[in-house]
Amino acid sequence: MATSRPTKATAGSRAGRADRADRADRALAYLESAKNLTGSACALGGLALTFTGLAGAYWPVVVAGLYGAGALIAPPTRPPAPRFPDPTSRLDGLRKDFTTLREYLTQVDLPPAATERLDWLRELLDGLLTPGWVSEALAQDPEGIHVLARAVHRDLPESVDTYVRTRWWTRIAPGRQDPEEQLMRQLALLHGEVEELVAGLREAEEIRQQTHTRYLEDRGAENTYGTGTVPGT
């Protein structure tokens with residue numbers, strides 16, 4: 001059974017309907033715009049002048065001119081600003097993923113030294129992600145969130161899983177590198193990254209405190225000079 005194919009006339013008809021619908025949407029949008037509403041209000045003022053006889057025989061020009069002036073002074077149409085996810089929502093998801101990671105780590109048999117290093121790292125991550133003023137400060141640092149997300153989603157799971165798989169192969173055929181040594185190096189590097197993040201957040205708070213101190217000192221000096229009192233007298 002042969003299938004019918006759209007002809008050029010049919011395609012042209014569809015394009016014509018789409019074009020007419022687009023023009024109708026643009027016309028409706030203009031009717032509802034601030035430019036048209038403001039211009040119409042000014043034009044009504046022109047009609048009022050016409051009814052009182054002030055516009056004279058040139059009332060069409062007056063009405064049209066007032067409409068155009070109103071349309072020009074009206075604010076342009078402002079498209080709605082895009083809304084992006086709140087930074088705290090990213091932390092909420094990261095907290096859930098960190099809980100999943102902690103459950104996984106409890107099931108893995110690691111050497112005592114690696115377990116101790118891993119516990120230190122988990123304490124740092126837990127302190128950063130616990131809801132409170134620390135996590136609120138972290139939410140304002142996109143790079144810091146990226147560092148934590150990378151550690152939770154990729155670096156830590158891959159370090160531990162790679163160690164488990166490599167240890168199994170080493171038991172069958174000993175290699176030249178110690179899997180535990182590699183794991184300790186990886187955990188130390190990750191610990192250093194998170195400590196650097198913590199230091200950055202602490203420094204930001206210290207700068208904030210110092211800035212507030214300078215503000216209070218400057219305000220006190222202005223009040224002192226304003227009353228005519230010389231500091232130290």
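This dialogue is about reading salt bridges and burial in a predicted model.

Trainee: What should I keep in mind about this model before reading its charged residues?

Mentor: Because the model is predicted, local features need pLDDT of at least 70 and side-chain atom pairs count only at pLDDT 80 or more, while totals for chains, interfaces and linings use all residues. Residues are numbered from 1 along each chain as its sequence is written, and side-chain values use heavy atoms, with hydrogens and water left out.

Trainee: How many salt bridges are there by the rule?

Mentor: A salt bridge is a side-chain nitrogen of Lys or Arg within 4 Å of a carboxyl oxygen of Asp or Glu, and by this rule the count comes to nine.

Trainee: Which residues are linked in a network of salt bridges?

Mentor: The network links R150, R154, D155 and E193. Within it, D155 pairs with R154, the closest N and O atoms lying 3.3 Å apart, and R150 pairs with D155 at 3.9 Å. As for accessibility, buried means under 20% relative accessible area, exposed over 50%, and partly exposed in between (1.4 Å probe, protein chains only); D155 is therefore buried at 16%, whereas R154 is partly exposed at 48%.

Trainee: Is R167 buried or exposed, and which side chain of opposite charge is nearest?

Mentor: R167 is buried yet has no salt bridge, and the nearest side chain of opposite charge, D109, is 4.2 Å away; here Lys and Arg count as positive and Asp and Glu as negative, with His and the chain ends not counted. Leaving aside neighbours within four places in sequence, R167 is in contact (heavy atoms within 4.5 Å) with D109 and P179.
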